[in-house]
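Visitor: I'm new to this one, so could you walk me through it slowly?

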Amino acid sequence: MYAYVGAAAALVLLLLLQHQVRRWRNPRPRDGGRLPPGSMGLPLVGETLQFFSPDASFDIPPFIRHRLARYGPIFKTSLVGHPVVVSADEELNHMVFQQEGQLFQSWYPDSFVEILGRDNVGEQQGAMFRYLKNMVLRYFGPESLKEGIIRDVERAVCSSLCTWSTLPAVELKEAVSTMVFDLAANKLLGLEPSRSKILRRSFFDFVRGLISFPLYLPGTAYYSCMQGRRRAMVVLEQVLEERKRSTELQHGGQAKHHGDFLDYVIQEITKEKPVMTEKMALDLMFVLLFASFHTTSLALTLAVKLLADYPLVLEELTEEHDTILMGREGGSEPDGITWKEYKSMAFTSQVINETVRLANIAPVIFRKALKDIQFKGYTIPAGWGVMVCPPAVHLNPDIYPDPLTFSPARFKLSVTCRINRM
């Protein structure tokens, strides 16, 4: 009798398990519409292991490339337990960003949120997101660029080039990353290079494990990433506390200002009714540091390699800058590059745009559907993630002929129009 009951229970459990697996592998929208083609992979794990497979080429990541060939530019998958629609379709990508707040909202899988912080700017919605965005643009917008940031960048680059010229060899990526991080730490937090060294090491550990399978065990890349974040947050908390103490009113009745982004942060969190919490401030500074140094250093390193590989591009770039230098009144050299000179760099802007296209600094961008969305005969269900894949557009030969070739002239018309509007 007991054996019969046990066998029946095991059979029911097996049938339920098969049913759940079938539902997982063949999800259906509530409106009865048609999902994009694709595979949901294994239950819970999905296709996460394939997604995190390392790849060092300039081309579209293998995970995306293989599925584009099989399913087309829009397909479904599952990553770290979340159903996701992947878009390599230019029209859908445009709609995702144009309809943010109406049809889509910012979203990242839980493992990414843990890495960047649960109070980071990407997790904020609506008025709070706009508040943080405007706060950042107040310091890093065009006016700040005109009034001093552009010259600070020039001084940092000149100083680094002078130092590198005395060395027998330079490991370019590490040297560029150090230069950019120290500059970002100074503009954001007012730190000198000697003080930012510990913070820099923590961020380097963080970046090494950023795109890795989210397994938090000693020895894994993800564990190293999270430990790097933890150490970086300890330093940021110390810097924040020190600045709060240093902004107490001086004898003259004036608060001490340092001229960096942290001044803005302190003003906001010490208001009588602050909108931003200290936790949000710390996560904001962490994300800004990461975004400032990682993306910029990657693009700069690639730019040097591409210019070395394409001497005719380097020659035209050099001619543009020599023309600017010769055009200075009386041959005199101002304190630094002027805004007028910066605006005149048409070919330089083309080189930057083409470098960013090939670098694919943001390989994927996540959003979430707020309601059932119909697009080209497919349904994107409410609550599903949407993963925009910029490399699939940037390296699409129908949009950019011979896409892996470095050809700044692709952007000639768009750069000319942009400069004329400035």
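Guide: One definition will help first: helices here are DSSP runs of H or I with at least four residues, and they are numbered from the N terminus. Please also keep in mind that this is a predicted model.

Visitor: Okay. How many cavities of 30 Å³ or more does a search of the whole structure find?

Guide: The search of the whole structure finds one cavity of 30 Å³ or more, and the largest cavity has a volume of about 30 Å³.

Visitor: And which residues line the largest cavity?

Guide: Its lining is made up of F52, S111, F112, I115, L210, S212, P214 and Y222. Helix α5, which covers residues 110-116, gives the most to this lining, with three residues. Sorted by class, the lining of the largest cavity holds six nonpolar residues and two polar ones, with no charged residues.

Visitor: What about pockets, how much space lies in the second largest one?

Guide: The second largest pocket holds about 470 Å³ of space. It is lined by 21 residues, and those closest to its centre are A156, S160, T178, M179 and D182.

Visitor: Which helix gives the most to that lining?

Guide: That is α8, with eight residues in the lining of the second largest pocket, while α7 (142-165) and α8 (172-189) each supply at least two. By class, the lining of this pocket divides into nine nonpolar, five polar and seven charged residues.

Visitor: Let's switch to charges. How many salt bridges does the count come to?

Guide: The count comes to 19 salt bridges. As background, side chains of opposite charge can pair when their charged atoms come close.

Visitor: Show me one, say, what does D263 form a salt bridge with?

Guide: D263 pairs with R243, and the closest N and O atoms of the two are 3.2 Å apart. Because D263 sits in helix α11 (residues 261-269) and R243 in helix α10 (residues 221-246), this salt bridge ties together parts that are 20 residues apart in sequence.

Visitor: Is R243 buried or exposed?

Guide: R243 counts as buried, because its relative accessibility is 6% and buried means under 20%. D263 is buried as well, with a relative accessible area of 7%.

Visitor: And K244, what is its partner?

Guide: K244 forms a salt bridge with E278, where the closest N and O atoms are 2.4 Å apart. Since K244 lies in helix α10 and E278 in helix α12 (residues 278-309), the pair ties together parts that are 34 residues apart in sequence. As for exposure, K244 is partly exposed at 25% relative accessibility, and E278 is partly exposed with a relative accessible area of 31%.

Visitor: How far apart are the closest N and O atoms of K279 and D283?

Guide: In that salt bridge, the closest N and O atoms of K279 and D283 are 3.2 Å apart. The two residues are four apart in helix α12, so about one helical turn separates them. K279 is partly exposed, with a relative accessible area of 39%, whereas D283 is buried, with a relative accessible area of 0%. Elsewhere, salt bridges that share partners join D89, E91 and K376 into one network.

Visitor: New topic, the surface. Which residues make the nonpolar surface patch of about 640 Å²?

Guide: That patch is made by L42, L44, V45, L49, F213, L215 and L217. One of these, L49, is found in helix α2, which covers residues 48-51, and L49 counts as exposed because its relative accessibility is 51%, with exposed meaning over 50%.

Visitor: Last thing, the backbone. What is the phi of V80?

Guide: V80 has a positive phi of about 40°, although V80 is not a glycine. For context, most residues other than glycine have a negative phi. V80 lies in the loop between β1 (74-79) and β2 (82-87), and at 25% relative accessibility V80 counts as partly exposed.

Visitor: And where is D402 found?

Guide: D402 is found in the loop between α16 (390-394) and α17 (412-421). D402 has a positive phi of about 50° although it is not a glycine, and D402 counts as exposed, at 51% relative accessibility.

Definitions and conventions. Residues are numbered from 1 along each chain as its sequence is written. This is a predicted model: local features need pLDDT of at least 70, side-chain atom pairs count only at pLDDT 80 or more; totals for chains, interfaces and linings use all residues. Side-chain values use heavy atoms; hydrogens and water are left out. Patches are made of residues with over 30% relative accessible area and no salt bridge: like charges are joined within 9 Å, nonpolar side chains (Val, Leu, Ile, Met, Phe, Trp, Tyr) within 5 Å. Accessible areas come from the Shrake-Rupley method with a 1.4 Å probe; for residues, only the protein chains shown count as cover. A salt bridge is a side-chain nitrogen of Lys or Arg within 4 Å of a carboxyl oxygen of Asp or Glu. Buried means under 20% relative accessible area, exposed over 50%, partly exposed in between (1.4 Å probe, protein chains only). On a 1 Å grid over the protein atoms alone, a cavity is a set of points where a 1.4 Å probe fits but cannot get out, and a pocket is an open set with protein on both sides within 12 Å along at least five of seven lines; lining residues have an atom within 4 Å of a point. Grid points are joined across faces, edges and corners, and a volume is the space filled by probe spheres set on the points. Ala, Val, Leu, Ile, Met, Phe, Trp, Tyr, Cys and Pro count as nonpolar, Asp, Glu, Lys and Arg as charged, and the others, Gly among them, as polar.
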